[in-house]
Amino acid sequence: MGDDIGEALRVEILGAQHDRSAFESGVEPLDRYFRIQAGQDARKNMAAPFVLVLSDGTVAGYYTLSSSAVNLGELPEKAVRKLPRYPLVPATLLGRLAVDRRHQGKGYGRFLLADALFRAVSSQIASFAVVVDAKDENARRFYERESFLPFPDQPMKLFRPMADIEQLFK
């Protein structure tokens, strides 16, 4: 991680005070979502957007969390061996995660991911895993380096069991 990670970083729920207009991660769908849709999704309880705010108030990155469910049959047998045979299991969807290109390479992506995992594991709502849909190969590799496992028939969809995440914060 870069030296900048030591500065006063805070992650907050997206609010009207956060300027989203100049955000540019280099992935247009993520940028468009953040600038146009994120506030609406928050108001309609479709997703909970969180922003990484630097000490000067600049938004350096964001992610979204929401409730989801995973078809038990989509998961690897090893992951579901001890689970009840419900057709769907509860999950937490890490729907989007992006860092502004002016702040990439400073460890902020991992910082945001750690914050998201901590919020997910700290929730009092049952969830078997955190699930992500990687937008591209770079994103897939990022999540795999962070111990996410691919769904057997969907290599761009990955998960990390909540039991594994809990070990990170003990």
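## Strands, pockets and one helix

A hairpin of two residues joins β6 to β7. Helices (DSSP runs of H or I, at least four residues) and strands (DSSP runs of E, at least two) are numbered from the N terminus. This is a predicted model, in which local features need pLDDT of at least 70 and side-chain atom pairs count only at pLDDT 80 or more, while totals for chains, interfaces and linings use all residues. Residues are numbered from 1 along each chain as its sequence is written, and side-chain values use heavy atoms, with hydrogens and water left out.

**The sheet**

β6 and β7 belong to an open sheet of seven strands with mixed pairing, in the order β1-β2-β3-β4-β5-β7-β6. The edges are taken by β1 (10-13) and β6 (149-151); each has a single partner strand, so one side of each is left without a neighbour in the sheet. Neighbouring strands are turned against each other by 35° on average, direction ignored. Here the axes are lines fitted to C-alpha atoms (for helices over the stretch in contact), and angles run from 0 to 180 degrees between N-to-C directions.

Two strands count as paired if DSSP finds at least two bridges between them. At the β6 edge, three bridges join β6 to β7 (residues 154-161), and the two run antiparallel. Within that pair, P150 has L158 in β7 as its bridge partner. On its other side β7 is joined to β5 by five bridges, again antiparallel, and D133 stands opposite K157 in β7.

At the β1 edge, β1 and β2 run antiparallel and are joined by four bridges, with I13 opposite F50 in β2. Six bridges then join β2 to β3, also antiparallel, and V53 stands opposite V59 in β3. β2 and β3 form a hairpin with five residues between the strands, where G57 takes a positive phi near 95°.

How many of the six residues of β2 are buried? Five are, so β2 is largely enclosed by the rest of the structure. Buried means under 20% relative accessible area, exposed over 50%, and partly exposed in between (1.4 Å probe, protein chains only).

**Two loop residues**

Positive phi values also occur in residues other than glycine. N45 has a phi near 55° and lies in the loop between α1 (28-43) and β2 (48-53). N45 counts as exposed because its relative accessibility is 69%. S147, in the loop between α4 and β6, has a phi near 70°. At 37% relative accessibility, S147 counts as partly exposed.

**Helix α3**

α3 has 15 residues and reaches 21 Å from its first C-alpha to its last, close to the 21 Å expected at 1.5 Å a residue. The expected span is 1.5 Å times one less than the number of residues. The buried residues of α3 are Y108, G109, L112, L113, D115, A116, L117, A120 and V121. An α-helix has 3.6 residues a turn, so residues three or four places apart point the same way.

**The pockets**

A pocket is an open set of points on a 1 Å grid over the protein atoms alone, where a 1.4 Å probe fits, with protein on both sides within 12 Å along at least five of seven lines; lining residues have an atom within 4 Å of a point. Grid points are joined across faces, edges and corners, and the volume is the space filled by probe spheres set on the points. Ala, Val, Leu, Ile, Met, Phe, Trp, Tyr, Cys and Pro count as nonpolar, Asp, Glu, Lys and Arg as charged, and the others, Gly among them, as polar.

| Pocket | Volume | Lining residues by kind |
|---|---|---|
| Largest pocket | about 640 Å³ | twelve nonpolar, eight polar, eight charged residues |
| Second largest pocket | about 230 Å³ | six nonpolar, six polar, one charged residue |

The largest pocket has a volume of about 640 Å³. Its lining holds 28 residues, of which L97, A98, N138, A139 and F142 are the closest to its centre. At least two lining residues come from each of β4 (88-99), α3 (108-122), β5 (129-133) and α4 (137-145).

Which residues lie nearest the centre of the second largest pocket? They are S66, S67, T92, S123 and I125, out of 13 lining residues. β3 (59-71), β4 and α3 are the elements that give two or more residues to this lining. The largest share, four residues, comes from β3.
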